[in-house]
Amino acid sequence: MTVHEDARAIHDELIALRHEFHREPEVGLRLPRTQERVLAALDDLPLEISTGRDTTSVTGVLRGGDGPTVLLRADMDALPVRERTGLDFASRTGDTMHACGHDLHTTMLIGAARLLSAHRDRLGGDVVLMFQPGEEGCDGARIMVDEGVLEASGRRVDAAYGMHVFSSNAPQGLFVTRPGTMLSASDELHVEVRGTGGHGSAPHRTQDPVAAISEMITSLQTMVTRQFDMFDPVVLSVGSLHAGTAVNVIPEVATFGATVRTFSPESRERMRERSAEVLRAVAAAHRVDVEVDYRPGYPPTSTDAEETAFADRTIRELFGEERQQTLVNPLSGSEDFCRVLDEVPGSFIGLGAVPEGIDPDSADYNHSPTALFDDAVLADGATAYAELALARTHVGR
């Protein structure tokens, strides 16, 4: 049987496993129940298993020939979101949900481990299976890289592939890639403005932080459109804004927080510098004090052109030309798989998982409490992981 036929044969088992992960989501770097379930699912396979020192990560090594070593990655963590999908396998943990599809990623990589083990005689080199916690803002990939996941087989990985499902925008079963920058950097801007409070009827006797912070937000948006190239865009969205406790009292303090998305190292650094300059200039004009805390997050996720072309060819050969698409523009989401791709060549592959009968353009997107991901993509995702490893371990031998 082919790998794809084998994947279809275990599809029902993959669905059941995905539902188990979905019912008991865990957040952050410590995922003990998830780790236990992953270890149990891999227990009967010919893998060399190790677990993380500082996280509940799982690394498996499948030995092949003396050809290239390939890494396959799946993230395992969920989000602090209260699920409202109405699914019969919905989260049982209250305010935690697999709203970004990591339960599918983990299941597909377990499926790939089973497929690769069954077709081990076809492997030209070793495969490293990277089951990673803490993708959602905890930089779990960096921790695993620091702990040596790229050298888990005894030699450095030659190529790495990650995959991510989408609950919107991409039709079910469509694989999407992009050479070069595929995802944006994600940083945070936290601002505190401190003035002199007083009675709302006499603002001239205060230094009003509310007026200052309002102008700051407007000035930042103007700066983005006037000081950055539209073909190397910057996105700044204020998601948190707090000031005051009563309508007739001018407060002493006002704060806001924003997410900042950039697509190049140059714009990322410039945004950090220019935002602080603008905020301090507005503060001086209003005679208030400002504290600027610019917190770096994930850098842009950039894929290797040759590895992406290889992934594209492999996907088209497996599923047909119509199942692969190259993105014209990068996506404004971010990913800590960038930590792996900054170290070794590889690619990141999107997979549409919109349920049948739902318009991808209007479906709820990842991170929504009502985001839905179709089990139907599990066998194809596992096949893609496995075939990428099987084919890539023979390249350059």
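Is Glu 343 buried, partly exposed or exposed? Keep that residue in mind while you move through this predicted model, since the tour returns to it after a look at one of the sheets and the helices that lie across it.

**The sheet**

Begin by selecting strands E10, E12, E8 and E13, which in that order make up an open sheet of 4 strands with antiparallel pairing. Strand E10 (234–243) and strand E13 (289–298) are the edges, and because each has a single partner strand, one side of each is left without a neighbour in the sheet. From one strand to the next, the twist averages 15°.

Now narrow the selection to residues 185–194, strand E8, together with residues 253–262, strand E12, where the antiparallel pairing runs over 10 bridges. Within this pair, centre the view on Leu 189, which you will find opposite Ala 258 of E12.

**The helices across it**

Add residues 209–227, helix H6, which lies across E8, E10, E12 and E13 and runs at about 10° to E12. Then add residues 265–286, helix H7, which likewise lies across E8, E10, E12 and E13, but whose direction is given against E13, at about 165°.

While helix H7 (residues 265–286) is still displayed, show the side chains of Arg 272 and Glu 273, which form a salt bridge whose closest N and O atoms are 3.9 Å apart. Arg 272 is partly exposed, with a relative accessible area of 38%, and Glu 273 is also partly exposed, at 40% relative accessibility.

**Further salt bridges**

The whole structure contains 29 salt bridges, and a group of them can be displayed by selecting Glu 20, Glu 24, Glu 26, Arg 33 and Arg 37, which shared partners join into one network. Inside it, look at Glu 24 and Arg 33, whose closest N and O atoms are 3.0 Å apart in their salt bridge. Glu 24 counts as partly exposed at 23% relative accessibility, and Arg 33 counts as partly exposed at 34%.

Finally, select Arg 156 and Glu 343, whose side chains meet in a salt bridge of 2.9 Å, N to O. This pair links distant parts of the chain, 187 residues apart: Arg 156 sits in the loop between helix H5 (140–146) and strand E5 (159–166), while Glu 343 sits in the loop between helix H9 (338–341) and strand E16 (346–352). Arg 156 is partly exposed, with a relative accessible area of 35%. As for the opening question, Glu 343 is partly exposed, its relative accessible area being 44%.

Conventions:
Residues are numbered from 1 along each chain as its sequence is written. This is a predicted model: local features need pLDDT of at least 70, side-chain atom pairs count only at pLDDT 80 or more; totals for chains, interfaces and linings use all residues. Side-chain values use heavy atoms; hydrogens and water are left out. Two strands pair if DSSP finds at least two bridges between them. Helices (H or I, at least four residues) and strands (E, at least two) are DSSP runs, numbered from the N terminus. Axes are lines fitted to C-alpha atoms, for helices over the stretch in contact, and angles run from 0 to 180 degrees between N-to-C directions. Contact means heavy atoms within 4.5 Å. A salt bridge is a side-chain nitrogen of Lys or Arg within 4 Å of a carboxyl oxygen of Asp or Glu. Buried means under 20% relative accessible area, exposed over 50%, partly exposed in between (1.4 Å probe, protein chains only).
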